[in-house]
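Colleague: I am new to this structure and would like a close look at a single part of it. Please pick one strand, go through its surroundings slowly, and then place it in the rest of the chain.

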Amino acid sequence: DFWEYAPNLNIWTKKAIFVGGVRSGETGFSVGSTGYIGTGQDNSTNIRNDFWDYNPATNSWTKKADFGGTARTTATGFSIGNKGYMGTGEVGSSLPSYDFLEYDPATNSWTKKADFGGIARTTATGFSIGSKGYMGTGNNGGFANDFWEYDPATNAWTQKADFGGGGRIYATGFSIGSKGYIGLGLDES
């Protein structure tokens with residue numbers, strides 16, 4: 001199932017059921033007024049590479065070009081301007097990845113970008129602020145706390161200050177204005 005939250009009314013409204021099937025470990029981001037969801041694992045433990053958009057104006061899902069990398073679960077995604085970005089994640093039985101791709105909704109196509117700057121990982125978190133994307137934490141053979149900035153203008157990753165909360169997996173991140181926030185998840189302790 002799929003739900004919409006309206007903060008001005010403080011209510012949740014059920015929306016069109018996701019037509020890509022039941023799954024977990026999927027990844028999503030939004031570009032403009034459209035939401036995107038893809039990859040993940042279905043109930044039969046099949047790892048997926050399909051990708052879908054959600055249009056809130058029509059309350060409908062549309063199949064898009066499959067994710068341009070290997071099928072995966074627990075990837076990380078964020079958007080910058082009019083493009084979406086997705087990478088890392090588990091591409092096989094506990095096999096972490098560090099590849100990173102850009103999705104262009106205007107052409108419905110994926111383009112490989114510079115590999116994630118840190119060690120390959122699953123269950124990382126990310127967000128964007130302005131014209132840059134940020135990704136860190138996750139499972140890189142241990143509980144990671146490194147943190148990286150992606151600049152699409154130079155297609156390069158730069159390491160930033162380590163996450164202050166220590167190494168963790170399955171954290172959640174978002175941005176508000178010019179600040180980023182990470183929390184929750186499972187930490188080393």
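Modeller: What follows starts with the chain as a whole, moves to one strand and its partners, and then turns to other sheets and loops.

This is a predicted model, in which local features need pLDDT of at least 70 and side-chain atom pairs count only at pLDDT 80 or more, while totals for chains, interfaces and linings use all residues. Residues are numbered from 1 along each chain as its sequence is written, and side-chain values use heavy atoms, with hydrogens and water left out.

The protein chain has 20 strands and zero helices. Both kinds of element are DSSP runs numbered from the N terminus: helices are H or I with at least four residues, and strands are E with at least two. The radius of gyration is 16 Å, close to the 16 Å that the globule rule gives for 189 residues, so the protein chain is as compact as a globular protein of that length. That radius is taken over C-alpha atoms, and the globule rule is 2.2 Å times the number of residues to the power 0.38. The C-alpha trace spans about 40 × 40 × 35 Å along its principal axes.

The part to look at closely is strand 4, which covers residues 34-41. Is strand 4 mostly covered or mostly open? Six of its eight residues are buried, so strand 4 is mostly covered. Buried means under 20% relative accessible area, exposed means over 50%, and partly exposed lies in between, with a 1.4 Å probe and protein chains only. For the protein chain, buried residues make up 44% of the 189 residues.

Strand 4 has pairing with strand 3 and with strand 5, and each can be taken in turn. Two strands pair if DSSP finds at least two bridges between them. Strand 3 (residues 27-31) runs antiparallel to strand 4, and five bridges join them. One position in this pairing is Thr27, which stands opposite Gly38 in strand 4. The two strands form a hairpin with two residues between them, and Gly32 in the turn has a positive phi of about 60°.

With strand 5 (residues 47-55), strand 4 is again antiparallel, here over six bridges. Gly40 has Arg48 in strand 5 as its bridge partner. This hairpin has five residues between the strands, and Thr45 takes a positive phi near 65°. Most residues other than glycine have a negative phi.

Thr88 and Leu184 each have a positive phi as well, although neither is a glycine. For Thr88 the value is about 55°, and Thr88 is found in the loop between strand 8 and strand 9 (90-92). Thr88 is buried, with a relative accessible area of 0%. Leu184 has a phi of about 60° and sits in the loop between strand 19 (179-183) and strand 20 (186-187). Leu184 is exposed, with a relative accessible area of 65%.

Further along the chain, an open sheet of four strands has the order 7-8-11-12 with antiparallel pairing. Strand 7 (76-80) and strand 12 (109-112) stand at the edges with a single partner strand each, so one side of each is left without a neighbour in the sheet. Neighbouring strands of this sheet are turned by 25° against each other on average, direction ignored. The axes behind such angles are lines fitted to C-alpha atoms, for helices over the stretch in contact, and angles run from 0 to 180 degrees between N-to-C directions. Within this sheet, strand 8 (residues 83-87) and strand 11 (residues 100-104) pair over four bridges. Tyr85 has Glu102 in strand 11 as its bridge partner.

Another open sheet has four strands in the order 13-14-15-16, also with antiparallel pairing. Its edge strands are strand 13 (125-129) and strand 16 (156-160), and each pairs on one side only. The twist averages 25° from one strand to the next. Strand 14 (residues 132-136) and strand 15 (residues 147-151) are joined by four bridges, and Tyr134 has Glu149 in strand 15 as its bridge partner. In the loop between strand 14 and strand 15 lies Gly142, which counts as partly exposed at 25% relative accessibility. Gly142 and Gly185 are 43 residues apart in sequence and 14 Å apart in space, C-alpha to C-alpha.
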